[in-house]
Amino acid sequence: MTDQTSPADPFGFLGLTYDDVLLLPGYSDLAPSDIDTTSRLTREISLKIPLLSAAMDTVTESAMAIAMARQGGLGVLHRNLSIEDQAYQVDLVKRTQTGIITNPVTIGPDATLEELDTLAGQFRISGFPVVDADNKLIGMVTNRDLRFTPVAEWATTKVNEVMTPQPLITGPAGISRDDATLLLRKHKLERLPLVDGEGRITGLITVKDFVKSEQFPDSSKDSQGRLMVGAAIGYFGDAWQRATALIDAGVDVLVADTAHGNVRMLIDMVKRLKTDPATRDVQVIGGNVATRQGAQAFVDAGADAVKVGVGPGSICTTRVVTGVGVPQITAVYEASLACKPAGVPVIADGGLKYSGEIGKALVAGADTVMLGSLFAGCEETPGDLVLVNGKQFKTYRGMGSMGAMSSRGKKSYSKDRYFQAEVTSDDKIVPEGIEGQVAYKGPLATVAHQLIGGLHQTMFYTGARTVPELQANGRFVRITSASLKESHPHDVQMTVEAPNYSGS
Ligand code: XMP
């Protein structure tokens, strides 16, 4: 296959997608515990499970990103919100389940309990080191301390009246994880503030985070033990400010989030991000492309991974509205031809309906997959449950849908994803996506378990112990529409839904 259609045979280039292929079974000598689903997300980051949640406003905000990182994948925060709000979401993730919080939120002794309560709500944290003007630790105050003062007195009571003052048990800056564990256990502490030789606060360790890291051994963590998070950026208008604000907030991966990534402005932005000393250390993913040449442009620009998918998504209408796109298995394969020789990982974005398609994407040339509809029904996604005929649903909409692109009383930040940043009136918008709903599926942990369970089985059937083995040895068989019918349950009326299969 090649993306260079021959002038002599303009229709010779056949595009295939997930339903057009199956993986051939292979000799297997594996125990379930042998199987390792670790895969490369970018040049420098590997994930224990090769799953990303889509940068969509009905899929990934901080709660989903936290849940994804805990499972060993990565959430990519959507960008249909202001720069400040998106950076705040990054901060929320980075403050959760952290080995050592290096920049703990602190409070002054003269702040009121009302201010303390507001701060606790804003950062969703329950305890603060109390510091003087010189940043010296003078006490600790927690939500619990609030309980003993009537709410009516919060506005007039000061933090130093309720805090636990020095002397406190503290640890030295740079304390090891083991020494911190010993101190937390010995003194039955909830929190251990870290101070330098002058008594200035340098960090904070919470026992909750230590327990959580034991509870989620596969979680995706940065070098400081904080959960990893990705965030979407564009290339239009204030995109550079957005990128730098996200970096300042601690984002690990910037993900170019645009329907058509093979555009000069975006390629230039990736180049700039990867060369500017202020930004080049953050991982940058280019996308979306669907051809070898599109992927090559990002490889040449220095991208750390390339995201593939033009129109395969469940909510996408790009292919029917514009007539443009490449069936996803072929698109992933074509992009991998440019990325593999350069050692740049590929992300297969959109179009996955079942767990078996993760393995297909990996064999076609991807290293990870990005999921929208398969995750949209999770408890952790934004939005409330909708009850229809006694069944629970969650809203799921394309970022190019009318709902996401129109202002409807508030600013839309997602229009430039679809080349419509300059469209000022809602009735002039040309949507490339639809709005809908998906069945509620419960916590992400359960959903991810089924998806990764399916991938484990793929690896067992194909005899692959690791993702690189699956990629190297996996082979496809092309199938017909009759075979696809045979693949799904047939000639039986389904009476009970399986957790990993729904007929529609
Ligand atoms: P799935 O199939 O997992 O797809 O639901 C999620 C991916 O679809 C892309 N996306 C869109 N594509 N119009 C499009 O053409 C849209 O409105 C739209 N919204 C999201 C995106 O790449 C996402 O990860």
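**Figure 1. The open sheet β18-β19-β20 in the predicted model.** Three strands form an open sheet in the order β18-β19-β20, and their pairing is antiparallel. Strands β18 (385-388) and β20 (435-439) occupy the edges; each has a single partner strand, so one side of each remains without a neighbour in the sheet. Averaged over the sheet and with direction ignored, neighbouring strands are turned by 45° against each other. The coordinates shown here and in the following views belong to a predicted model.

**Figure 2. Pairing of β18 with β19 and the loop that lies between them.** The antiparallel strands β18 and β19 (residues 391-397) are joined by four bridges. Within this pairing, Leu387 stands opposite Gln392 of β19. The loop between β18 and β19 contains Asn389. Although Asn389 is a residue other than glycine, its phi is positive, near 50°. Asn389 counts as exposed because 5 other C-beta atoms lie within 10 Å, and a residue is classed as exposed at 12 or fewer.

**Figure 3. Strand β13 and its parallel partners β12 and β14.** Strand β13 (residues 253-256) directs Val253 and Val255 one way and Leu254 and Ala256 the other way, and all of these residues are buried. Four bridges connect β13 to the parallel strand β12 (residues 230-233), where Ile233 is found opposite Ala256. Strand β14 (residues 283-289) also runs parallel to β13, to which it is joined by three bridges. Here Val255 has Ile285 of β14 as its bridge partner.

**Figure 4. Helical crossovers on either side of β13 in the chain.** Strand β12, helix α8 (residues 239-248) and strand β13 constitute a right-handed β-α-β unit. A right-handed β-α-β unit is also made by β13, helix α9 (residues 264-275) and β14.

**Figure 5. Two cis peptide bonds.** The peptide bond between Gly287 and Asn288 is cis, with omega about -10°. Asn288 belongs to strand β14. A cis peptide bond also leads from Gln166 to Pro167, with omega near 0°. Pro167 is located in the loop between β8 (164-165) and β9 (171-172).

**Figure 6. Lys188 in the loop between α6 and β10.** The loop between α6 (177-186) and β10 (191-195) holds Lys188. Its phi is positive, about 45°, although Lys188 is not a glycine. Lys188 counts as exposed because it has 7 C-beta neighbours inside 10 Å.

**Figure 7. Helix α13 and the glycine that follows.** Helix α13 (residues 356-364) is mostly covered, with eight of its nine residues buried. The buried residues include Glu357 and Lys360 as well as Ile358, Leu362 and Val363. Immediately after α13, Gly365 adopts a positive phi of about 135°.

**Figure 8. The shell around the ligand.** The ligand is surrounded by 25 residues, of which the closest are Gly313, Gly372, Gly398, Gly400 and Gly433. By class, the shell comprises nine nonpolar, 14 polar and two charged residues.

**Figure 9. Placement of the two assigned domains.** According to the domain assignment, domain 1 consists of residues 18-96, 220-417 and 429-479, whereas domain 2 spans residues 113-206. Taken over C-alpha atoms, the centres of domain 1 and domain 2 are separated by 38 Å.

Key. Residues are numbered from 1 along each chain as its sequence is written. This is a predicted model: local features need pLDDT of at least 70, side-chain atom pairs count only at pLDDT 80 or more; totals for chains, interfaces and linings use all residues. Domain bounds come from an automatic or database domain assignment. A residue is near a molecule or strand if its C-beta atom, placed from the backbone, lies within 6 Å of it. Ala, Val, Leu, Ile, Met, Phe, Trp, Tyr, Cys and Pro count as nonpolar, Asp, Glu, Lys and Arg as charged, and the others, Gly among them, as polar. A residue is buried if 20 or more other C-beta atoms lie within 10 Å of its own, exposed if 12 or fewer, and partly exposed in between; C-beta atoms are placed from the backbone. Helices (H or I, at least four residues) and strands (E, at least two) are DSSP runs, numbered from the N terminus. Two strands pair if DSSP finds at least two bridges between them. A crossover is right-handed if, with the strands pointing away from the viewer, the path from the first strand over the helix to the second runs clockwise. Axes are lines fitted to C-alpha atoms, for helices over the stretch in contact, and angles run from 0 to 180 degrees between N-to-C directions.
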